Amino acid sequence: MTNGRWIFLSALALTSALAVGRAVAQGAETVQDMLAAQIRSQGFTCDKALGATKDTARSRADHAVWVLRCSNASYRVSRAPDMAAKVEPLR
């Protein structure tokens with residue numbers, strides 16, 4: 001194999017590996033992590049997201065309702081497209 005071909009194949013393999021790694025890293029974020037980041041950006045405290053369950057009774061099309069459990073509190077998070085989340089602390 002010539003040097004040019006070897007370099008080309010090595011670069012192609014590296015590029016493919018980086019693309020797969022980037023896709024895996026982007027898909028690694030969970031719903032609970034996304035919800036925790038969103039409520040933190042709105043001024044609520046969520047030290048560590050422990051879990052999130054969808055409240056199917058309250059959810060509708062284009063309006064998802066989740067119960068987010070954090071290490072320090074629990075929240076009901078209502079999300080609609082292109083709007084800030086409505087966050088209700090639970091006891």
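These legends walk through close-up views of a predicted model. Residues carry numbers from 1 along each chain as its sequence is written, and side-chain values rest on heavy atoms, with hydrogens and water left out. Because this is a predicted model, local features need pLDDT of at least 70 and side-chain atom pairs count only at pLDDT 80 or more, whereas totals for chains, interfaces and linings use all residues.

**View 1. Four strands make an open sheet**.
The strands follow the order 1-2-3-4 with antiparallel pairing; two strands pair if DSSP finds at least two bridges between them. Strand 1 and strand 4 are the edge strands, each pairing on one side only. On average, neighbouring strands of this sheet are turned by 25 degrees against each other, direction ignored. Here strands (E, at least two residues) and helices (H or I, at least four residues) are DSSP runs, numbered from the N terminus. As a general reminder, side chains in a regular strand alternate between the two faces of the sheet.

**View 2. Strand 3 takes part in two antiparallel pairings**.
Six bridges join strand 2 to strand 3, and five join strand 3 to strand 4. A handy residue to follow is S78: it is the bridge partner of V65, and its bridge partner in strand 4 is K86. Strand 3 and strand 4 form a hairpin with six residues between them. In that turn, D82 has a positive phi of about 60 degrees.

**View 3. Helix 2 lies across the four strands**.
Helix 2 (residues 31-41) runs at about 105 degrees to strand 1; axes are lines fitted to C-alpha atoms, for helices over the stretch in contact, and angles run from 0 to 180 degrees between N-to-C directions. Its buried residues are L35, A36, Q38 and I39, where buried means under 20% relative accessible area, exposed over 50%, and partly exposed in between (1.4 Å probe, protein chains only). Why do they line one face of the helix? Seen down the axis of helix 2, these residues fall within an arc of 165 degrees, so they share one face; the arc is that of the directions from the helix axis to the C-beta atoms. Their cover includes strand 1 (49-54), strand 2 (64-70), strand 3 (74-79) and strand 4 (86-90), with contact meaning heavy atoms within 4.5 Å. Helix 2 is followed by G43, whose phi is positive, near 95 degrees.

**View 4. F44 and Y75 form an aromatic pair**.
Rings of Phe, Tyr and Trp (its six-membered ring) pair if their centres lie within 6.5 Å; planes under 30 degrees apart count as stacked, over 60 as edge-to-face and the rest as tilted. By this rule the count comes to one pair. The ring centres of F44 and Y75 are 5.7 Å apart and their planes stand at 70 degrees, so the pair is edge-to-face. F44 sits in the loop between helix 2 and strand 1 and Y75 in strand 3, 31 residues apart. Y75 is buried at 6% relative accessible area, while F44 is partly exposed at 27%.

**View 5. The whole structure holds two salt bridges**.
A salt bridge is a side-chain nitrogen of Lys or Arg within 4 Å of a carboxyl oxygen of Asp or Glu. R76 meets E88 with the closest N and O atoms 3.7 Å apart; this pair links strand 3 to strand 4 across 12 residues. R76 counts as buried at 16%, E88 as partly exposed at 27%. R58 and D55 meet at 3.1 Å, N to O. Here R58 is partly exposed at 43% and D55 is buried at 15%.
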